[in-house]
Amino acid sequence: MACPFETQVPLAKHCTLHVGPLVPRLYFPEDTAQVQELMRVQAARFWIGNGSNVLFLPALANEHMVKLGKNLSQHHFSGSSLWAQAGAMLPRLLNEACERGLSGLEMCTGVPASVGGAVAMNFGAYQQELSQFVTTVTAVDPSGAVQTLTREQCQFSYRSSIFQRGAWCVTEVVFELVPTESARVAAAIEANQLRRKKITPPYPNTGSVFKNPPGQVTGRIIEELGLRAYRVGDAAVWKDHGNYLVNLGAASPQDCLAVIEHVEREVLDQRGIKLEREIRVLG
């Protein structure tokens, strides 16, 4: 197979939590044809983007994996339309959209995610979701065939889509943004930056670990139960936001999972709520 790959790769370097084992092989496809071939031959069970909302467990030490990153990160604007490959980074797209006076991506302020992963999980913030601005998504299905789906066909829902529920790989997305004044977009970005600065840890972290139950806020529930700063080894609930998991220095995957499972048990025991993970736990 002509697809580039590296061997004995530390996954800790490929996620924002900076935790994970060595994997024997990590593929870096350069085009859709290579993605198709990897899918057809089942070269790997696990596919990742920028790793901003994922926990890698030790069992991955025996797995080959695929990363859609800088090799698939092209994008271009045409009027208010934005075409982007899966590996394109949201912060860069947001900055360019602002310069062009295009609104829609402001919710992504400060989010170190790539397009593919963010669309697959239907990222959202501040009462908005990325799916609101999606026109079409091109993806490789489990058989290796390329399909272009409309927004309706993507079956978007709260932090979910057909791509996350099935073994699909997003390769390209077309967004339709809203023309407006650059100054208004810049002001929204600045406001979101200030909001995120108050809660974002100065440590490697995952962002939100759990989805919000209907009508409730998970971070608030965790904080009300006194679980802020709960710690196992160097993994901890962030002291300023109950729904963030942080690596305070040398956290292991086992430490991180122990924190997550403890929070899940406490919320279930004390509130009767079974939390649903937003973070992907692989392995």
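These legends accompany several views of a predicted model, starting with the whole protein and ending at one asparagine, N247.

**View 1. The whole protein, with its seven helices and 19 strands.** Welcome to the overall fold. The C-alpha atoms fit a box of roughly 50 × 50 × 30 Å along the principal axes. For 283 residues, a compact globule would have a radius of gyration near 19 Å, and the protein agrees with this because its own value is 19 Å.

**View 2. Inside and outside of the protein.** Of the 283 residues, 53% count as buried. The protein exposes about 12900 Å², and carbon and sulfur atoms supply 48% of that area. Charged side chains come as 26 positive and 26 negative, with the centres of the two sets 3 Å apart. As for how the chain meets itself, take the contacts between residues at least 6 apart in sequence: 64% of them join residues at least 24 apart.

**View 3. N247 in strand β18.** Now we zoom in on a single residue. The strand that holds N247 covers residues 244-247. Is N247 buried or exposed? N247 counts as buried because its relative accessibility is 3%, under the 20% cut-off.

**View 4. Polar contacts of the N247 side chain.** Here two backbone atoms are worth finding. One is the backbone oxygen of L17, which the side chain of N247 reaches at 3.1 Å. The other is the backbone nitrogen of G249, 3.0 Å from a polar atom of the N247 side chain.

**View 5. The neighbours of N247.** Leaving aside residues up to four places away in sequence, N247 touches L17, H18 and V19, along with Y203, P204 and D234. L17 may look familiar: its backbone oxygen appeared in the previous view.

Technical notes
Residues numbered from 1 in each chain as written. Predicted model: local features only at pLDDT ≥ 70, side-chain atom pairs only at ≥ 80, totals over all residues. Heavy atoms only, no water. Helix = DSSP H or I, 4+ residues; strand = E, 2+ residues; numbered from the N terminus. Buried < 20%, exposed > 50% of the residue type's maximum accessible area, 1.4 Å probe, protein only. Polar contact = N/O pair within 3.5 Å; in protein donor to acceptor, adjacent residues only side chain to side chain. Contact = heavy atoms within 4.5 Å. Rg over C-alpha atoms; globule rule 2.2 N^0.38 Å. Areas by Shrake-Rupley, 256 points an atom, 1.4 Å probe, with all protein chains shown as cover. Lys, Arg positive; Asp, Glu negative; His and termini not counted. Charge placed at Lys NZ, Arg CZ, Asp CG, Glu CD.
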